[in-house]
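This briefing covers core packing, one helix pair and two buried residues. Please look over the entry below before reading on.

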Amino acid sequence: MQFPFQISDADGYLERTFLSPASIGASNLILSWMQDAGLTTWVDHMGNVHGRYESVNASAEAILIGSHLDTVIDAGIYDGSLGIVCAVSALKALKISGRLEKLQRPVEVIAFSDEEGVKFQSTFLGSAAIAGILPLSALQISDKSGVTLQDILKTHSFEATEESFLQLKYDRQKVRGYIEVHIEQGPVLEALGQPLGVVEGIAGQTRLRVTVKGSQGHAGTVPMSMRQDPMVAAAELIVLLEDLCKHPEKYLTYDGHCDGLSRGSLSGSLVCTVGEISSWPSASNVIPGQVTFTVDLRAMDDSTREAIVFELSNRLYQTCDRRSVYCIVEHKHKAEAVRCDTDLSLQLKAAAHSALRRMSAEIQWDVPMLMSGAGHDAMAMSHLTKVGMLFVRCRGGVSHSPAEHVLDDDVWAAGLALLAFLETNM
């Protein structure tokens, strides 16, 4: 049997981006799995893969279960794929045991085409389209080669029209809730010695692209005192970002509270990352004329995140002025923090307990409640319906890396938990 992690656009490492050849191959494989599980399947106009069982009460609100089939570059094999495999496997288990027809409401599994945002630097394309929060203007976003989302969709024979785009949105009155199984991508569950955890909420995100323009010149002939060097300016800005996120209290003034910000909200969950940097021209003997880098900023508290973005922008422009370079800050992505639904979370916690008892009744298992610093499709789907998430332990908390690893027993526990959750709807 072939698995999604074996389908890659690159040799020697895993890479599967929006509607790439590997993505299409993975979609076809997932379709075959869904059909084998007794589901009705289709691919929508954003490349999302759907498998649905209507149940004896086809008019009831549906439960949606999903995750993403795309990856980052040089990815691990569990991020996204695990959630799809668990969902399809749970429904196939019901089919094999003759209980699929006993479901009291429709269940639909969705493998989202783009969550990571590698190709267009805009995350949640697949889930945002279904949730109805992806603007029509998204059709005109472009990749590094200038190819637009609309171009890519037309290349793959998808209708890239305003009408087809609007038809992607689901009717919230027909959806009961959304469930997602995902690796934790952090070290908490491993530290607690627990295989499964339930997510309380997901941190808000802001993604920026910063462009610094200076004066291109010869590395050997332009005196240091006369340079307008965007690389040095970018380096100072990156160090500023690190200090701002490590010590926000040094930059944001408040007297216990400042515009609703408490000292506690300024620390702990706030993280900032520069994950990509490039220069033009890129040559060892040339002072670059332009440097571009990305900023990924996350916090559990939206007001904290917004305050940091505001402060960063102000200090960035001040630094650029002082260094006589020109700066542009583009806001590429913004997602508000999300709180998971209490009832769904309690159901998932009970299901996880049931699964772990099935595996080993002798052990006193706990199912901790966690916050997620990583973004997930549940963030977009929360605009459509209530959401719940189940985290699965991963070794060392490592993700977005080939070193990403989940124990087979933990995969089994996650699948059993999802099965137990579905059994409550029978």
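Which residues of the largest nonpolar core touch the most other members? In this predicted model, they are Ile 30, Ile 65, Leu 91, Leu 196, Leu 418, Phe 421 and Leu 422, out of 54 residues in that core. Helix H11 (residues 408–423) gives the most to this core, contributing 9 residues.

**Cores**

- A second core, separate from the largest one, has 42 residues, including Met 46, Ala 160, Leu 370 and Met 389.
- Ile 65, one of the residues with the most contacts to other members of the largest core, touches Leu 418 and Leu 422.
- Beyond four places in sequence, the other contacts of Ile 65 are Ala 87, Val 107, Glu 108, Val 109, Ile 110, Tyr 178 and Ile 179.

**Helix H11 and Leu 422**

- H11 is 16 residues long and spans 23 Å from its first C-alpha to its last, close to the 22 Å expected at 1.5 Å a residue.
- Its buried residues are Asp 410, the run from Ala 413 through Gly 415 to Leu 419, and Ala 420, Phe 421 and Leu 422.
- Leu 422 lies in H11 and has a relative accessible area of 0%, so this residue counts as buried.
- Leaving aside neighbours within four places in sequence, Leu 422 is in contact with Ile 65, Ala 90, Leu 91, Leu 94, Leu 103 and Val 107.
- Between Leu 422 and Ala 283 the separation is 139 residues in sequence and 57 Å in space, C-alpha to C-alpha.

**Helix pair H1 and H2**

- Two packed helices are described by the angle between their axes and the distance between the axes.
- For H1 (residues 21–36) and H2 (residues 81–96), the axes come within 9 Å and cross at roughly 25°.
- Angles under 35 degrees count as roughly parallel, and H1 and H2 are therefore roughly parallel to each other.
- H1 makes the contact through Ile 30, Trp 33, Met 34 and Asp 36, and H2 through Ile 84, Val 85, Val 88, Lys 92 and Lys 95.
- By class, this contact of H1 with H2 has 6 nonpolar and 3 charged residues, with no polar ones.
- Ile 30 of H1 takes part in this contact and is also among the residues that touch the most other members of the largest core.

**Thr 71**

- Thr 71 sits in the loop between strand S3 (62–68) and H2.
- Is Thr 71 buried or exposed? Thr 71 is buried, at a relative accessible area of 3%.
- Not counting residues up to four places away in sequence, Thr 71 touches Leu 14, Glu 15, Arg 16, Thr 17, Glu 116 and Val 118.

Notes. Residues are numbered from 1 along each chain as its sequence is written. This is a predicted model: local features need pLDDT of at least 70, side-chain atom pairs count only at pLDDT 80 or more; totals for chains, interfaces and linings use all residues. Side-chain values use heavy atoms; hydrogens and water are left out. A nonpolar core is a set of buried Ala, Val, Leu, Ile, Met, Phe, Trp, Tyr and Cys residues joined through side-chain atoms within 4.5 Å. Buried means under 20% relative accessible area, exposed over 50%, partly exposed in between (1.4 Å probe, protein chains only). Helices (H or I, at least four residues) and strands (E, at least two) are DSSP runs, numbered from the N terminus. Contact means heavy atoms within 4.5 Å. Axes are lines fitted to C-alpha atoms, for helices over the stretch in contact, and angles run from 0 to 180 degrees between N-to-C directions. Angles under 35 degrees count as roughly parallel, over 145 as roughly antiparallel, 65 to 115 as roughly perpendicular and the rest as oblique. Ala, Val, Leu, Ile, Met, Phe, Trp, Tyr, Cys and Pro count as nonpolar, Asp, Glu, Lys and Arg as charged, and the others, Gly among them, as polar. The expected span of a helix is 1.5 Å times one less than its number of residues.
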